[in-house]
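I wanted a record of what I looked up here, entry by entry, with each criterion stated where it is first used. The sequence and the structure come before the notes.

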Amino acid sequence: MRDARRHGVSGIATAALVGVLAAAVSLPAVAQSPAVGDPIRIGASLALTGDAAPDSKLVRDGYDFWAETVNAGGGIVVDGVARPIELVIRDDGSDRDQAARLVENLIAEEDVDFLLAPWGSGNTNAVAPIAERYQKLMVAPLAASDEIWEQGYRYLFGVLPIGSTNMRPLVPMVQDLGLTRVGVVTTDDLFPLLAAEGVSQQAKDAGLEVVVDEIYPPGTIDVGSLITRIQEAAPEALAAPVDVADALVLLRQMKERDYLPPILAFSGATLVPDFLSNAGADAEGLFGITYWSPALPYADALFGSAADYAAAFEARFGYAPTHDNVAASISGYALQRGIETAGSLDTTAVRDGMLSLDETTVFGQMAFDERGVNTGVTTYVVQIQDGTPVIVSPADAAAAAPLWPIPGWSER
Amino acid sequence: MSQAIVNGILTGGLYAAFGIGLSLIYGVTRVISAVHGAFIVIGAYLAQSAWMAFGLDPFLMVPVLLVIGFGLGYGVQRLFIDKVMRRRVVMTITLTFGLDLIAVTGILLVFGADLRTISVPYASVGFDVLGARIPLVRLGIFAVAVILALGLELILRRTQIGTTIRAVSQNRTAAELLGIDTGHAFGMAHGLAAAVACGAGALLALIQPLQPFMGLSVLLIAFAVVVLAGFGSIAPVLISGMILGLTENLAGLYIGTEYQRLAIFVAYLAVASILPAGLFGRRFYAH
């Protein structure tokens, strides 16, 4: 009996083996799929822990989603060989020096083919010189600081528009609403300062009065004196391009003081899941800035439509994607399109390939100028209405009208 | 102006609560404890977890945290710091800094890196007094911080263990000759210090989003408070906390918000270089 069972098992195993071999032999002939080659190794240092972790997680998920989507389709075809993506991600603990060391290590020791950048301008600025020194192509999802793109980096590309333009679309919206008094407050950090200067300048150029213009240290526990200054200036619209943690502190302490400007706009923070889950109902009515929404009529060959991207992403990660996620995925996709256009992994060829791109993706238009900046992206103002972010400006893309003033704390 | 003064005093109470334990530990054991910020952050995370799991108000969590903090502080003192206390100061700093790294990594493993906040239903409740807004939450934080400070003072002045701690801090050798278990006394001192730190953590969780690495900035504030007060006494620590809170808020209002944190450390440096014993002179618990 035992022997019979053993024979039975081995018999099945033999049959299966024969089948697999037959399939392996016949498959290339039938499907004409390219041979599977070695993976393309793409390195990144991300802040998986520390201050920048909430933002960096969005980037990581965006990278993973791109790599998984590509690999599900077999990989990137280079010279007739389908090569899967292998992401090599290291945790820099939100320490920029550590990020620089890790990137050097990724290039010199781990032998990666290309690099994707960390979250944020400051971190990208810290690692870009290393990539430049080793002549490795690096694509940055969220490095919008103007200065980075004035350094003349040859091997750095970025998928976002430059930062000083970030909050500018707020100005025409405020004008359309007939408001004249605006305020700008921000933390003393690379991107926040640029976005603040940009919107402040734009407001002045448009003839609006900038009644309060303040900078404060990131991570401040007590923003009481800042709120006093804002209250005294009484802006009708306040722009605050600060990160998620600082946005939560500012919002919380405004609530303690029972104060809220008629319009309060953070930048991308308004849409970050970590912000929305922590702010809860307090986020209602807040304005924010985004480069992307699943409702926009964008599409590409890899992800399908913007709505498809959103649905597949949410199914995979359990939360609705923000523009940070998409920017990260598109950074990978930009590299992919560069490689496909070049037909090789040679850095110079891929760089030329990326510079020649001018096409639509789920993130909007993608076309890089000589600095490596994507000049195709449009910026939108969103507002949290009934718990959901909706585009409220510019008018031609708006899904709803901006609601203001934001209901006060006692009216909720 | 009145708003800045109210803010400064209310926040200063919390800053004092950060500093009190550090001051006690140094006053009694002569150890500069870099792990103190971690006790505060642990308290904050536990308060946030209790809030998430049971909806327990952070103010009600304070007594629980006092007990937990006491156990942690006593354990850290007896298990680790005791071993190096008579060594050079660099040894104790290295040890406590190492413990801090372990604590932060532990927090990260247990709680993850996501931001965590507590949003109590009375967050927007407050009173208007003389043109200044006094948020109920801030008033509560201030009151609990002061109660913690006064409670610590009472324990040190009026109880047997307080007397023992003061005796040990005054003259360790003499205390040992009298048969006092100095290791236990040091453990009790560190336990009391960590208890207040853990309790203060619940207060911090009410105003700041929690991140595993936030301990360092809290520790810096605690150091500034203690340097201003002079190591080793409690009432000056309370006053120093408020002076720093006021400095921060008035600088923010009149000089500019970008200088408010700088103002704290300028005050710290000024006092440390001009009055190295602190604003209130050198006065230890024993005196």
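I started with helix α2 of chain A, of whose 20 residues 14 are buried, so this helix is largely enclosed by the rest of the structure. By buried I mean under 20% relative accessible area, by exposed over 50%, and by partly exposed anything in between, with a 1.4 Å probe and protein chains only. Helices are DSSP runs of H or I with at least four residues, strands are runs of E with at least two, and both are numbered from the N terminus. The helix covers residues 53–72 and spans 28 Å from first to last C-alpha, close to the 28 Å expected at 1.5 Å a residue, where the expected span is 1.5 Å times one less than the number of residues. After α2(A) comes A:Gly74, with a positive phi near 105°.

I note the basis of all this: the model is predicted, local features need pLDDT of at least 70, side-chain atom pairs count only at pLDDT 80 or more, and totals for chains, interfaces and linings use all residues. Residues are numbered from 1 along each chain as its sequence is written, chains are lettered from A and ligands numbered from 1 in the order in which they are written, and side-chain values use heavy atoms, with hydrogens and water left out.

**Helix α11 of chain B**

I next took α11(B), residues 260–274, whose 15 residues reach 21 Å between the first and last C-alpha, close to the expected 21 Å. Which of its residues are buried? I found B:Gln260, B:Ala263, B:Ile264, B:Ala267 and B:Val271 to be buried. Viewed down the helix axis, these buried residues fall within an arc of 105°, so they line one face of α11(B); the arc is that of the directions from the helix axis to the C-beta atoms. On the other side of the helix, B:Leu262, B:Leu269 and B:Ser273 are exposed. The buried residues pack against α7 (224–233) of chain A, and also against α1 (2–29), α9 (215–229) and α10 (235–254) of chain B.

**Between the chains**

I then looked at the interface, where 38 residues of chain B are in contact with 35 residues of chain A, contact meaning heavy atoms within 4.5 Å. The area buried between the two chains is about 3,300 Å², with carbon and sulfur atoms giving 51% of it; buried area is the accessible area (1.4 Å probe) that two parts lose on being put together, summed over both. B:Leu115, B:Thr257 and B:Arg261 supply 18% of the area that chain B buries against chain A, more than any other three residues.

I followed one residue across this boundary, A:Arg229, which is found in helix α7 of chain A. Leaving aside neighbours within four places in sequence, A:Arg229 is in contact with A:Val212 and A:Glu214, and with B:Gly252, B:Leu253, B:Tyr254, B:Ile255, B:Gly256 and B:Thr257 of chain B.

**Rings and charges**

I counted rings of Phe, Tyr and Trp (its six-membered ring) as paired if their centres lie within 6.5 Å, with planes under 30 degrees apart called stacked, over 60 edge-to-face and the rest tilted. By this rule there are 16 aromatic pairs over all chains. One of them is the edge-to-face pair of A:Phe266 and A:Phe275, at 5.7 Å centre to centre and 70° between the planes, and both of these residues are buried. A:Phe313 and A:Tyr319 also pair edge-to-face, at 5.4 Å and 80°, and both are buried. Ring pairs join these two with A:Phe65, A:Trp292, A:Phe303, A:Tyr309, A:Phe317 and A:Tyr333 into a cluster.

For charges over rings, I required NZ of Lys or CZ of Arg within 6 Å of the ring centre and within 35 degrees of the ring normal. The charged end of A:Arg316 sits over the ring of A:Phe317, 4.3 Å from its centre, and B:Arg30 lies over the face of B:Tyr26, at 5.7 Å from the ring centre.

**Backbone entries**

B:Arg30 came up again, with a positive phi of about 60° although it is not a glycine. B:Arg30 is found in the loop between α1 and α2 (36–54) of chain B and is partly exposed, at 38% relative accessible area. In chain A, the non-glycine residue A:Asp386 has a positive phi near 50°, lies in the loop between β18 (380–385) and β19, and counts as exposed at 74% relative accessibility.

I closed with the peptide bonds: the one from A:Ser393 to A:Pro394 is cis, with omega near 0°, and the one from A:Trp404 to A:Pro405 is cis, with omega near -5°.
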